[in-house]
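Please examine the sequence and the structure shown below. This briefing is intended for a reader who has not seen them before.

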Amino acid sequence: MIRGDDFYQYCAKAIRQSPQVDCHWGEVVRQESLPDGAALFLDNGQIFQGRYLFNSILTGMPVLATNELYLLQHFKGQVIETAAPVFDPETATLMDFRVPQPDFTAFVYVMPFSATKALVEYTVFSEQLLQPADYVEALQRYIQQNIGQPYIVKEEEFGVIPMTNHRFPEREGNIIYIGSAGGQTKASSGYTFQFIQKQCDALLAALLAHGDPLAAKTSTPARFRFYDSVLLRVLARRSFPGQLLFTQLFQHNQLRDVLQFLDNETSIFQDLRIITVLPKRIFLKAAWEQAFCRSGL
């Protein structure tokens, strides 16, 4: 786990120490690709021009094409501290499905910092957000039933990540899209951070080697896009419960293999071994519909 504040401070320190970087604050009004570069317009009237513009701004839900799906991964976390030691600081809980699964997939993960302090995060895959009180109630119920110690809440966080197989553009002229806006969020899991690091490494390597970041290939390989689309379709249609899907993936495969699969780093032979533990009829049907049907759901 990398805490957000630590990551921001680390980056800010590196930026402050670089004479090649200037920081400006303002609301982005628009961006424009030019024949010999790109321009950025801020609400305070400032205009910045450069050879390339790297854009990570994701604005709203995209217009979905045929067979594109869109779910949200939304989560609320609380850093809690208990009076008595109850956590194992050496062990994290990745996906605990011992929470109600009404018409969406939900789980909790627990990241201990010490024997008495941990981040407890309630996560949901669904089309719509819940009411704010619903997240708090789910966390309180989970902590009461599975941790069972009096506690105080030290910090809170909330976030929303798009889970979609929509093909976000990699570029628009000299505007290069990065992060979620550049398609770096994995559709079937919401994983983003590590993919952003890989994308930035590839763009930098291309810039250093060719003087052109557009020479980098940063799109997700086609077979992983298809796997993601099939898994997303199954989750969206609830044709197979999400908690059973992920449970079977982890229960019948080596942990390292599953994590490599979720990071798009497995071979096709590993892929076949991993996905064959899932119900074949359901997933073959979803794969057929994804490949040949003419509607998102």
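The points that follow concern one sheet and one helix.

The structure is a predicted model. It includes an open sheet of three strands, and the buried residues of helix 3 pack against two of these strands, strand 4 and strand 11, as well as against helix 6.

**The sheet**

- The three strands are arranged in the order 4-11-10, and their pairing is mixed.
- Strand 4 (53-55) and strand 10 (171-172) form the edges, each of them pairing on one side only.
- Strand 11, residues 175-177, pairs with strand 4 in the parallel sense, over three bridges.
- In strand 11, I175 is the bridge partner of L53.

**Helix 3: length and end**

- Helix 3 covers residues 193-210; at 1.5 Å a residue, its 18 residues should span 26 Å, and the 26 Å between its end C-alpha atoms agrees with this.
- G211, just after helix 3, adopts a positive phi of about 70 degrees.

**Helix 3: its two sides**

- The buried residues of helix 3 include F195, Q199, L203 and A206.
- Viewed down the axis of helix 3, the buried residues lie within an arc of 70 degrees, so they line one face of the helix.
- On the face turned away from the buried side, helix 3 carries the exposed residues D201, L208 and A209.

**Packing**

- Through its buried residues, helix 3 packs against strand 4, strand 11 and helix 6 (255-262).
- Of these partners, strand 4 is an edge strand of the sheet, while strand 11 stands between strand 4 and strand 10 in the strand order.

Technical notes: Residues numbered from 1 in each chain as written. Predicted model: local features only at pLDDT ≥ 70, side-chain atom pairs only at ≥ 80, totals over all residues. Heavy atoms only, no water. Pairing = 2+ DSSP bridges. Helix = DSSP H or I, 4+ residues; strand = E, 2+ residues; numbered from the N terminus. Expected span 1.5 Å × (residues − 1). Buried < 20%, exposed > 50% of the residue type's maximum accessible area, 1.4 Å probe, protein only. Arc of directions from axis to C-beta. Contact = heavy atoms within 4.5 Å.
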